[in-house]
Each structure stands twice: as structure tokens, then as C-alpha cells.
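Hi,

Here is the structure I promised to pass on. Have a look at it first, and my notes come right after.

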Amino acid sequence: MDSNLTDKVAVISGASHGLGQAIAQDLASRGVHVVLIARGEERLRQTADAIRANGGAANPIPCDVSDAAQVQAAASEIERRFSAVDILINNAGIPAPRSFSETQISDWDSVIGVNLSGVFYLTRALWDCLIRADSATVINISGTAGTRGGGSPAYGSAKFGLTGLNHAIALAGVDHNIRSTILYPGGMDTGWRGAPIGEMPRSESMDPAEVARFIAQLAASPPEFVVNEAVLNPLNQPYM
Ligand SMILES: NC(=O)c1ccc[n+]([C@@H]2O[C@H](COP(=O)([O-])OP(=O)(O)OC[C@H]3O[C@@H](n4cnc5c(N)ncnc54)[C@H](OP(=O)(O)O)[C@@H]3O)[C@@H](O)[C@H]2O)c1
């Protein structure tokens, strides 16, 4: 148990797989009550069951973060149950076609909808809950595409936009003891874009459980300062 985090409430989007699932498991193991958000109910329920089986507390709430009405309904449920939210991890994200010519308008709309608008919808809907916490932490998961763009117009634009949104959340949070951090991870071993899991050396593809451990330490850091941003890369790929 981490005494800084015990009995805190965390809302994690994209919590049924990959990094979000690892964050939920790690925070729950430190005594945090985790609220799990994703679209697919089965994987969400399985994740919550596994956390409870390990002695943690988890509430699954099926929700598509790109749908403002679903996000508002989820936030209302969270507010009724907990009133205050100490930690919000905006992690849900989807990939996009890599090239300009392959990117359809529907790709653009869905990727901006999940990876950028979804962060605004969820943070805005939970704002009063974050204010009610003594000192809340928001952590936005970008990617190294958020530092350098990259080939994918929709993904790179969404992650660049997230940098601006993170700054806006941090500034708005100053009067309410809410801090906001943006993380730019490189490759993680989550099966992203259909990559096989567990085959790459850790120095080329980061273990999501280790990235989650870093994120939990960030959430537990002293509330008198904010880590504005951090770039995390596999050891063999610095400055990617
Ligand atoms: N893996 C990498 O190499 C890598 C590198 C840099 C940055 N990132 C970023 O890290 C974050 C997590 O990536 P990951 O690799 O862990 O992804 P992942 O394994 O594909 O998991 C994505 C999670 O997000 C959920 N999700 C997807 N769309 C959603 C929506 N509209 N509403 C709510 N939940 C949704 C998924 O569940 P459902 O499908 O059931 O909704 C799932 O739980 C993303 O923001 C990604 O851009 C990943």
C-alpha cells in the first residue's frame, strides 16, 4: 500500500487493456479505488473482477469517451457514488492510418473524437469532482507523436492538440489545487496496431506495467509541484 494513495479515487479511461489496464491494476494494488472506463463490457468486467480477486476495489463503467452524452452519464454515476475524484487518467486512445492519402474523413473524426475530444469531455464532466478533491491530479497519455507529429495526420494532430488541452487544464486547475501532466510514451508492449505481445526486448518496447508504476509514482508525488510533461522511451530508442 502507498500511504499517499490509500483510499483515493481514480478514474481511468481505456482501462480494459494495455497501459490503462496496467495503471488500474497498479493503482488498485496501492489502495486506490479505481473506476474503469472503456467501451467493451466483457473485458472491462474481467479487468474489474481480476482487481477485486487481488483484494482491490474497482467499478467498471462502460462508456465511449468520444460520445459526450455517454461521458456525462458516466460522470453523473461517478459523482453520485464518490463525490470527489482524486486522480483522472485520460488514457483511452486508438491508432489511425499512417499516411495522409489513406486517411479518410471517418478516420479523422474517430481519432480526434477519442484521442482529443474524449479527453475534454471526460475532464470537463468530472471537473466539479476534481475540484472537490483536496488536491487532484490529471494525467493525460499522449505519445511521442505528440512531440514531433509524425506520418499519421489524425493521430499526430490529436496528440499535438492534447498538449494544448493539457496546458489549459493545468492553468484552469491552479485555483483548485488540480495539477495536470502530459506523458509522451514511445513504444509499449500492448499489442498496439496488432503487434505481437511479449516478443520485443524491453529495451525496444516498454512493459506497460513498468510505465504504470511510473505513473502511480507521479500520482503520489508531493502536491505542491507539478510535473508538466515527461517523455518516456525504450532504452534503445532515446529521443524517438
Ligand atoms: N502502445 C503503444 O506503443 C503506445 C505508444 C504511445 C502512446 N500510446 C498511447 O497510450 C494509450 C494507451 O494505449 P494502449 O497501447 O494501451 O492501447 P490498447 O491496448 O489498444 O487499449 C486501449 C484501451 O482504450 C479503450 N478504448 C478505445 N477506444 C475507446 C473509447 N472510444 N472510449 C473508451 N475507451 C476506449 C479500449 O477498450 P475498448 O476498445 O473496449 O473501448 C482499451 O481499454 C493511448 O492513448 C495511445 O495513444 C500507446
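Below is what I found, starting with the sheet and ending with the ligand.

One thing to keep in mind: this is a predicted model.

The sheet is a good place to start. It is open and built from seven strands, all paired in parallel, in the order E3-E2-E1-E4-E5-E6-E7. Strand E3 (57–62) and strand E7 (229–232) sit at the edges; each has a single partner strand, so one side of each has no neighbour in the sheet. From one strand to the next, the twist averages 15°.

If you zoom in on strand E1 (residues 9–13) and strand E4 (residues 87–90), you'll find three bridges joining them in the parallel sense. As an example, isoleucine 12 has isoleucine 89 in E4 as its bridge partner.

Two helices are worth a look here. Helix H3 (residues 68–82) packs on the sheet and touches E1, E2 and E3, with its direction at about 155° to that of E3. Helix H4 (residues 105–125) lies across E1, E4 and strand E5 (136–141), and runs at about 165° to E4.

Now for the ligand. Which residues come nearest to it? Of the 29 around the ligand, they are Gly14, Gly18, Gly40, Gly93 and Gly143. Helix H1 (18–29) and strand E2 (33–38) are the elements that give two or more residues to this shell, and H1 has the largest share, with three residues. Sorted by class, the shell holds 14 polar, 12 nonpolar and three charged residues.

Cheers

Conventions:
Residues are numbered from 1 along each chain as its sequence is written. This is a predicted model: local features need pLDDT of at least 70, side-chain atom pairs count only at pLDDT 80 or more; totals for chains, interfaces and linings use all residues. A residue is near a molecule or strand if its C-beta atom, placed from the backbone, lies within 6 Å of it. Helices (H or I, at least four residues) and strands (E, at least two) are DSSP runs, numbered from the N terminus. Ala, Val, Leu, Ile, Met, Phe, Trp, Tyr, Cys and Pro count as nonpolar, Asp, Glu, Lys and Arg as charged, and the others, Gly among them, as polar. Two strands pair if DSSP finds at least two bridges between them. Axes are lines fitted to C-alpha atoms, for helices over the stretch in contact, and angles run from 0 to 180 degrees between N-to-C directions. Two residues are in contact if their C-beta atoms, placed from the backbone, lie within 7 Å.
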